[in-house]
Amino acid sequence: MTASQPTTPNGADLDTVICDYNRVIGEDPSPAQWTGIAELAGWQPPETHAFQQAFWERRAAYDEGAISTVTFWSGLLRNGRTAPAGSALLDALASADIDLWTTTDPAVLGILSRAHAAGLRLVLLSNAPKPLANVLDDAEWCATLFTQTVYSARIGVNKPDERAFEAALEAAGWPQPWKTLFVDDRLENVEAAERLGLQTLHYTGDPAALASRLPRPSTVTRPAVLATRA
């Protein structure tokens, strides 16, 4: 693919946006949520930070589908707790995990809704395990705004691997990279997308920055051919 093309204000040259979920659409968990899930796994409240570190050390393998929900949690349980398949504790942990990630930013959803109304093709590309992916797909905002959703656990690879971006582009029907904007909060993911020739936005929590890169309702014609959901 070619090098990244110059951007145009207000997204007049765009026809596709590939958007990350967490820390773009989804908001970070609250401290109380982290403490609650840590306690559920058998950690004491002062150990919440240590729990978070252990959680993230195991998360990449879970996100890409390399380990199961049972295996993910088996390495995080403390004080004699066990959560075999089908257990009430495993169900509670899985539910609490999903609750960590399903609070959305209404300002970002409003901006994406206007881009969708302008005819822009929206694709969600997220590092997420299968249980969370299923819940996100069932959310009204996702079903309404996103033509395609691509999750790491379903394709077996996490961003910033090039194959993740190729899967998103394929799901979108192979739009021209320089007419495609990739939005993500992680710089390494943005840099990987730039190497593939996509326009990019390193999202740092400012909805206005996102709005400035997307088209007004009269500037884009909806693509005629859409791929089926990944």
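Tutor: Two strands count as paired if DSSP finds at least two bridges between them; strands (E, at least two residues) and helices (H or I, at least four) are DSSP runs, numbered from the N terminus. The model is predicted, so local features need pLDDT of at least 70 and side-chain atom pairs pLDDT 80 or more, while totals for chains, interfaces and linings use all residues. Residues are numbered from 1 along each chain as its sequence is written, and side-chain values use heavy atoms, without hydrogens and water.

Student: In what order do the five strands form the sheet?

Tutor: The sheet is open, and its pairing is parallel. At its edges stand β3 (148-151) and β5 (199-202), each of which pairs on one side only. From one strand to the next the twist averages 20°. The order is β3-β2-β1-β4-β5.

Student: Which residue in β4 stands opposite T16?

Tutor: Strand β1 covers residues 16-19 and β4 covers residues 180-184. The two run parallel and are joined by four bridges. Opposite T16 stands T180.

Student: At about what angle does helix α10 run to β5?

Tutor: Helix α10 spans residues 187-195 and lies across β4 and β5. Axes are lines fitted to C-alpha atoms, for helices over the stretch in contact, and angles between N-to-C directions run from 0 to 180 degrees; contact means heavy atoms within 4.5 Å. The angle of α10 to β5 is about 170°.

Student: How far apart in sequence are the parts that D15 and R121 tie together?

Tutor: The whole structure holds nine salt bridges (side-chain nitrogen of Lys or Arg within 4 Å of a carboxyl oxygen of Asp or Glu). The side chains of D15 and R121 form a salt bridge, at 3.9 Å from N to O. D15 lies in the segment before β1 and R121 in strand β2 (residues 121-126), so the parts tied together are separated in sequence by 106 residues.

Student: What is omega at the cis peptide bond between K159 and P160?

Tutor: Most peptide bonds are trans. The bond joining K159 and P160 is cis, and P160 sits in the loop between α8 (152-155) and α9 (162-171). Its omega is about 10°.

Student: Which residue other than glycine has a phi near 70°?

Tutor: Most residues other than glycine have a negative phi. Here the phi is positive. The residue lies in the loop between β1 and α1 (31-40), and its name is R23.
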